[in-house]
Amino acid sequence: MKLLWCVLVLAALVLAEENEGSSESSESQEVPELPLAEECDEELCKLPDCRCSSTEIPGGLLPRDTPQFVTVTFDDGVNVININTYREVLDGRQNSNGCPAGATFYVSHEYTNYRIVNELYNNGYEIALHSISHKIPQDWWATATYGELKEEIADQRTQMAHFANIPFESINGVRLPFLQLAGNTSFQVMADHDLLYDCSWPTNTFTDPGLWPYTLDYASEQDCMIPPCPTASIPKPWVLPMVSWKDLNDFPCAMADSCFYTPDMEDEEAWFQFIVSNFERHYLGNRAPFGFYVHEWYLSANPAVKSAFIRFLNLINSLPDVFMVNSSEVIDWVKNPVPVTEYRAKPCRTWSAAACPVSLCGNVPSEHNQMTYWLEACNVCPRVYPWTGNPLGL
Ligand SMILES: [Zn+2]
C-alpha cells in the first residue's frame, strides 16, 4: 500500500515536472538588489575563469577542430523505479577513443535511494544537485531567498556526499526544479559555496549557432525564458546553457520530453531521425554542446523513443569527434580548450570506487510531514527523514 502511495506521489511529481521548460513569465519580481553587470569586454574577460556569453567556439577553434560534446542528463529522485532504465541505456558505453561515456544525474532528495546514487557514481556518472524538496509550486523557486536556496542546494551537496558516501568535491553542478532560476540569488548561493556550474537556463534565441558555456562576470546576452534571470556581476559559477531543441513545427523545447510536436510515440525510426536532426544543428554548426535532457519516465513509458535514444547513443559513440561526457567535463574543456585530436589522445578520466556500507534504514519517520519514507543509504541511518533545515536527519 505504501509503495502504491509513493508511486502515486511520484506520478504527481512527474506531472508537475511537465512544466519544466515552459516559459511562464512573472512580472512581480523584486528589484535587483545588486548593480547591473557591465557589458562584456573580451579583452578583460579571458579563460580559464571568465568568458563572455557567446556563440564563438572557445579558443578560437574551427568547428572541425572542436570536440562535439553530448550531455545526457536525467532529473529527479533516483530509485528502484528508474535505475533499470539507466543501467539499460548507459552502462558499459564508451566513446570512440575508448574512454567511458558520461551522463549527469540532477538528483532531488525526496524518494532517492542513496545506495543507487552510489552505484551511479561508481559507474562514472556525474551526480549533481536538483534540490532537497523539489517542492511545488514553481513560483516558490522564482522568489526563494538566499537562505532558502542555501538550504535546498548547498546543504544538499553535504547531504548527498554523506548518504551516498561519495566525494563532496565530485558534486559541483546544479539544475533548479522546473528550470526556475531565482535571478541573482541562485548564482550567489553557488558562488559562495564553490559550485561550478548551473544547467537550468534554456535559450531559444541562441540555438543555431548554439550558445557555449560562459560566466556571469559581465552581463549575459542570453534570452530569459523563465524569469527572473541573473543581472548582476557574479564571478565564478558557469552557465551551461540549455540550448533548446526544435520540434517538428520548429517550436523550441528545453528538454527532449517537453517538445510538443513530436514524431509518433511508437515510431522508432521517426524518433531517431528527430533526435539526429537536432544533433546535426550542433554537429554541423558551431559544435556547441548538445544536450539530451530527459526524465526517465519518458523513456520507460515510450519504448520506441527509448530504442531511438539507444540507437542515437550507439551512433555518437562510434563517431571520432563526438564525446558523451559528464556535464562538468564540458566546463573543464571550455576553461582550457584543446583541439579534438589532442582531446582524443588524453588519458581517460579516472575515479575511485566509493564504498557503500549499506544501511537499510527501512521506514524513517519525517518531521516535516506525516509520512514515513523508505530509505537506503551508504552511511549511518538518520534519526528522522532528512529534509531542508536538517539535511542529515540528525
Ligand atoms: Zn525535476
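**Exercise 1. Ala 219**

Task: In this predicted model, find which residues Ala 219 touches, leaving out residues up to four places away in sequence. Then decide whether Ala 219 is buried, partly exposed or exposed.

Solution:
- Step 1: List the contacts. Ala 219 touches Leu 36, Ala 37, Glu 38, Glu 39 and Cys 40.
- Step 2: Place the residue. Ala 219 sits in the loop between strand S7 (214-216) and S8.
- Step 3: Count the surroundings. Ala 219 has 17 other C-beta atoms within 10 Å. A buried residue needs 20 or more, and an exposed one has 12 or fewer. Ala 219 is therefore partly exposed.
- Step 4: Take a distance. Ala 219 and Ile 234 are 15 residues apart along the chain, and their C-alpha atoms are separated by 9.5 Å.

**Exercise 2. Val 358 and the hairpin**

Task: Locate Val 358, classify its exposure, and describe how strands S14 and S15 pair.

Solution:
- Step 1: Val 358 is in the loop between helix H11 (340-345) and S14.
- Step 2: The count for Val 358 is 14 other C-beta atoms within 10 Å, so the residue is partly exposed.
- Step 3: Neighbours within four places in sequence aside, Val 358 is in contact with Arg 115, Glu 376 and Cys 378.
- Step 4: Leu 34 lies 324 residues away from Val 358 along the chain, with 46 Å between the two C-alpha atoms.
- Step 5: Turn to the strands. S14 (residues 359-365) and S15 (residues 372-377) are antiparallel and share six bridges. Six residues form the hairpin connection from S14 to S15. Ser 359 has Ala 377 of S15 as its bridge partner.

**Exercise 3. Helix H3**

Task: Explain why helix H3 counts as largely enclosed, and name what covers its buried residues.

Solution:
- Step 1: H3 spans residues 114-122, and eight of its nine residues are buried; therefore the helix is largely enclosed by the rest of the structure.
- Step 2: The buried set includes Arg 115, Asn 118 and Glu 119 as well as Ile 116, Val 117 and Leu 120.
- Step 3: The cover includes helix H2 (83-90), strand S2 (104-107), strand S3 (126-129), helix H5 (146-164) and S15.
- Step 4: Look past the helix end. Gly 124, just after H3, has a positive phi of about 95°.

**Exercise 4. Helix H10 and the core**

Task: Find which strands the buried residues of H10 pack against, and which residues touch the most other members of the largest nonpolar core.

Solution:
- Step 1: H10 covers residues 327-335; its buried residues are Ser 327, Ser 328, Val 330, Ile 331, Trp 333 and Val 334.
- Step 2: They pack against strand S1 (68-75), S2, S3, strand S4 (173-174), strand S5 (197-198) and strand S8 (234-239).
- Step 3: The largest nonpolar core holds 100 residues, and Val 70, Phe 105, Val 117, Leu 120, Ile 127 and Ala 164 touch the most other members. Helix H9 (residues 303-316) gives this core its largest share, six residues.
- Step 4: Take one core residue. Beyond four places in sequence, the contacts of Ile 127 include Phe 105, Val 117, Leu 120 and Ala 164.

**Exercise 5. Overall form**

Task: Compare the radius of gyration of the protein with that of a compact globule, then describe residues 66-180.

Solution:
- Step 1: For 394 residues, a compact globule would be near 21 Å; the protein has 20 Å, which agrees.
- Step 2: The C-alpha trace spans about 55 × 50 × 40 Å along its principal axes. Buried residues make up 48% of the protein.
- Step 3: The protein has 11 helices and 15 strands.
- Step 4: An unreviewed UniProt entry places "domain: NodB homology" at residues 66-180. This stretch is 36% helix and 16% strand, with its end C-alpha atoms 31 Å apart.

Note on methods
Residues numbered from 1 in each chain as written. Predicted model: local features only at pLDDT ≥ 70, side-chain atom pairs only at ≥ 80, totals over all residues. Core = buried A, V, L, I, M, F, W, Y, C linked by C-beta atoms within 7 Å. Helix = DSSP H or I, 4+ residues; strand = E, 2+ residues; numbered from the N terminus. Contact = placed C-beta atoms within 7 Å. Pairing = 2+ DSSP bridges. UniProt positions renumbered as here; feature names shortened; annotations may be inferred. Rg over C-alpha atoms; globule rule 2.2 N^0.38 Å.
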